[in-house]
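Visitor: Please take a close look at how the helices pack against one another in this chain, and follow that packing into the interior. I would welcome one connected account rather than a list of values.

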Amino acid sequence: MDQLHFSHAKACQLLYLHHLQTRREAWHAFSQSGIAWFMYRHDGEGVILNPQTGLIWQEIHTPSALDLTRAHSKVRQLEWAGLANWRLPTRTELIDIVYAPGFPLREEHNWFDCPLWLHDKGCLYLDQPDEFMGPDGVANMIAVDDTLCADWPSSYPQGLFELGWSWLGAWTSNARFPKSSKFDAALTAWKRWRSLASAENDGFHALDINATDWPALLRKLDYISTRLPDIDSSTFSDAAKGLWELWPVPNMASHKKIALINDGLIRSRNPELDIRDANVAIDFGTSSTVVAFREGAQDRLLRIGESNLWEQPQASDYENPTVLEIMDWQALMAAWTSEVYRPLVDWRDIHCAHEARDHLRENHSDPKRIASIFSRMKQWALDDFPTRISDQIHQEERILPPFNRYPAKKVEDVYADFNPIELYAWFLGMFINWRQRGIFLRYYMTFPVSFPHSTKENILNAFRHGLQRSLPESLVHGPYLAQFRVEERGSEPAAYAACALKALQLSPVAHGMGRAFAVFDFGGGTTDFDFGYYRLPDASEQEAGWEEVIEHFGASGDRMLGGEQLLENLAYLTFRHNLPQCRAHKIAFLLPQDAEDFAGSDMFLEKTRSALTNSIVLMGRLRSFCETGNLEGLEQGDVCKMPLLDRDGQKVEVAFQIPQHALRDYLRSRIERGAIAFFAAMQAAFKSHGGMPKAVDVLLAGNACRSPWVLELFGLEGSLIGAIMAFEQLEISVHPPLLADPSNPWRPTAKTGVALGLLRLCPGETLKVINRSLLKDDAPFLFSVGKLLNGEFDPCLPAHGPYGRWHEVGRPLDGVFNLAYTHSPRARTDQRMDRSDPDLRYKRIDFPESSEGQKVYSRAIAPNLIEICLAHDLSHVGEPEPASHFLQLALA
């Protein structure tokens, strides 16, 4: 019989996970059997395990009588049964074991005949457990360890076996059980696997191939990493099906494989047969990511990280959260680096998308959970500082360097610095390239208008690597890899316009410049503006095959206006409103990027894990208010109770008053400021491209546009925006965000419309897009730069101007120049911006060796980067001369 070759790394991981699952099932059977306690011994030192909680109690036949101070000191130094994390129990934990039926120390050693016992805060009389006693006096002591609690019960039995414990027996509430043959068999199988484990990185050094039920193991290939359904039996037996993983890889000598006997029960399949001729569109968002592909004339959306695909889909299911949850760093990295293509990462070691987001929202007051969840991937791509992530099981912290400092690498370099965007893209690819669906090789992405070219390229490379690693290995080593591509295709607002104009049945026009449109894309991270005309093709374009044309320009936005930024500011305002409680409990919190500090803020504003946790907890409580205007979970009027962390990381319960009126005023004024900037950008964009049109269709995009504050502002009647438009004599048609259709969850919405519109921009489509905003294949320069003149902003280096052109911006005074800049489009209009305008930013630049007569010159060299120098004048070719003191400044 022919042999089938299978990845050695996957075989090792399958067996390892199979044995783990067998142990978990054995443990589950015990946990359901009425057993209340287990006893173990290690080097003569005994412990009692509570299978319901994972707490471990020290077995000492004669308890010690100590005062509270000496007892705390003793347990901190205690090493017992291989454990060194002992502590005094809490009052509740002590009461639980004192009155729990069948506790072995009471049943066999009459421990609790003594009435007075210590807990972590004082003493407890057993016959009067409801009375509180202070820390004074001497009492008996018992120690407890919670090492296994972080991931209980999945940490069992691995944690116990690695500690070298021997099982002595089990107790129910009224009797001791003898050793169970089923439990012994589970431990025997576990030890057998451990005996096969090699010291080498590739896992097993001996595989009993013939004794393994491979069809049963291989059924779990999809489920293990993604929780997609088990592979059905027909995949193994049907001649038209089979497994991609068993198809031979060219040049197999360089890959470690095992040989499975082909007895007809398992079939291989050439993955080249399952390649789909379709484009995949990915809208990588701040809060959620949308994946769409076109099947014939039907555009489809994909659910990522949903645990049950049998459930009736809702439109929100296709907004896949851009979130990762790290459970176990060591196990994750061992699997992630075990092989290049389709590594068998265990979902129990890392969760993605919906499940990770749900865990965050259900446990937003749990600091361990918060520290393990990475929910700001897209912002991290722009950050210039490292990010810390801890896993939940071991509390192991890893520091991720800034994304823009990751070195270039090849796909095969699995040991390079861990890149969460690459892993997230791999998860997307594993769902997209599911064997039930087929294999896709063409991927197109879209980005905010403000993203620099270098950042977009870094994200594209990470997605390239992650998506390629989701492909079957034999396909990658064949000729079809040449068709694989991951490319940028248009900006996010342009993609939304391509979808919304068609969905709203707004037809292109042939006369004049075309149908004028403006996009207000209010997302989770930023708000993007885009403007343009939607028209029919001219004669030459029609001859080339184009049927519609979108010509857009003036792309800009409000970088500080996003749903998550608004939430951060609402939390910040609420903390400030409750400063007396924060001061009393020593509670720190984060300063939002666009907020100002306050007098006495030194001890409150930090970037610690406690401060991050506190801000996330409060943001979770305020989310419904930001989205709908209604606040949930209030007690006694405006009071909201929640657990926060003090500066030492200890939980404290607080009752904050939520200043709803102040928060409403902030939301209204901040969104109005963004809307005014939008209309200022609209005026500047159209006036620089032929003049203001008579009518404009305004398209509201992004989930944040569903906010009542946005809809109120764009109602126009009686609003400041309406007054602006009346002055301009401009006819505005505002189109609310596209709404979900319960009967058709694939219908475009305010969020999914970007990915669905991106499908219309892919190669081969008949919609031509002309982007007049691009400069040197990059986004336009985003800032207006200048100085203060008589207390008002004087812009000298204009936004959207050409790169590389020098402009005089001022003169240094006493060797110092105070640079002023803003990202607001209002600087491009006649609107005044005084010194206190919240959209203005300042940088002090020192020129200690400047001489009299020298001026400061500046030029844009990237969307958020300028170069500055000193010179006496510009030459006839526009170069500063004689130039000195060159430096580059990043603007944010």
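Guide: In this predicted model, helix H14 (residues 420-432) and helix H15 (residues 453-468) pack at an angle of about 45°, and their axes are 7 Å apart. Because that angle falls between the limits of 35 and 65 degrees, H14 is oblique to H15. The two helices make a right-handed crossing. From H14, the contact draws on Ile421, Glu422, Ala425, Trp426, Leu428 and Gly429, while H15 contributes Ala462, Phe463, His465, Gly466 and Leu467. Sorted by class, the residues of this contact are seven nonpolar, three polar and one charged.

A second packing site involves helix H21 (residues 609-628) and helix H22 (residues 660-687), whose axes come within 11 Å and cross at roughly 55°. An angle of that value lies between 35 and 65 degrees, so H21 is oblique to H22. The crossing of H21 with H22 is right-handed. On the H21 side, Leu622, Phe625 and Cys626 take part, and they meet Gln660, Leu663, Arg664 and Leu667 of H22. This contact comprises five nonpolar residues, one polar residue and one charged residue.

H22 also packs against H19. The axes of H19 and H22 come within 10 Å, and their crossing angle is roughly 145°. This crossing, too, is right-handed. Leu566, Asn569, Leu570, Leu573 and Thr574 of H19 meet Leu663, Tyr666, Leu667, Arg670 and Ile671 of H22. The contact of H19 with H22 has seven nonpolar, two polar and one charged residues. Leu663 and Leu667 of H22 thus appear in the contact with H19 and in the contact with H21.

One residue of this region repays individual attention. Threonine 574 belongs to helix H19 (residues 563-577). Threonine 574 has a relative accessible area of 0%, which is under the 20% limit, and therefore counts as buried. Leaving aside residues up to four places away in sequence, threonine 574 touches Leu618, Leu622, Phe656, Gln657, Ile658, Pro659 and Leu663. Among these neighbours, Leu622 is a residue through which H21 meets H22, and Leu663 is one of the H22 residues met by H19.

The strand segment before H22 offers a further point of reference. Glutamine 650 lies in the loop that joins strand S28 (639-645) to strand S29 (651-657). Its C-alpha atom and that of serine 610 are separated by 8.8 Å, although the two residues are 40 residues apart along the chain. With residues up to four places away in sequence excluded, glutamine 650 touches Leu644 and Leu645.

From these helices the account passes to the interior. The largest nonpolar core has 65 residues, and Phe531, Phe678, Met682 and Phe714 have the most contacts inside it. H22 supplies the largest share of this core, 12 residues. Beyond residues up to four places away in sequence, phenylalanine 531 touches Phe517, Ala518, Glu551, His552, Phe553, Gly554, Phe678, Ala681, Met682, Ala685 and Phe686. A second core, separate from that one, has 63 residues, with Leu228, Ile304, Ala462 and Leu475 among them. Ala462 of this second core is also one of the H15 residues in the contact with H14.

The wider setting can be stated briefly. The chain contains 25 helices and 42 strands. It has 892 residues, and 55% of them count as buried. Among contacts in the chain with a separation of 6 or more, 68% join residues 24 or more positions apart.

Certain loops outside the helix contacts show notable backbone geometry. Arginine 342, in the loop between helix H10 (329-336) and strand S19 (350-352), has a phi near 50°, a positive value in a residue other than glycine. Arginine 342 counts as buried because its relative accessibility, 5%, is under 20%. Glutamine 505, in the loop between helix H17 (492-503) and strand S25 (515-522), likewise has a positive phi, of about 60°, without being a glycine. Glutamine 505, however, is exposed, because its relative accessible area of 69% is over 50%. Finally, the peptide bond from glutamate 881 to proline 882 is cis, with omega near -20°, and proline 882 is found in the loop between strand S41 (880-881) and strand S42 (884-890).

Conventions. Residues numbered from 1 in each chain as written. Predicted model: local features only at pLDDT ≥ 70, side-chain atom pairs only at ≥ 80, totals over all residues. Heavy atoms only, no water. Axes fitted to C-alpha atoms, helices over the stretch in contact; angles between N-to-C directions. Helix = DSSP H or I, 4+ residues; strand = E, 2+ residues; numbered from the N terminus. Parallel < 35°, antiparallel > 145°, perpendicular 65-115°, else oblique. Left-handed = near helix turned anticlockwise from the far one by under 90°. Contact = heavy atoms within 4.5 Å. Nonpolar A, V, L, I, M, F, W, Y, C, P; charged D, E, K, R; others polar. Core = buried A, V, L, I, M, F, W, Y, C linked by side-chain atoms within 4.5 Å. Buried < 20%, exposed > 50% of the residue type's maximum accessible area, 1.4 Å probe, protein only.
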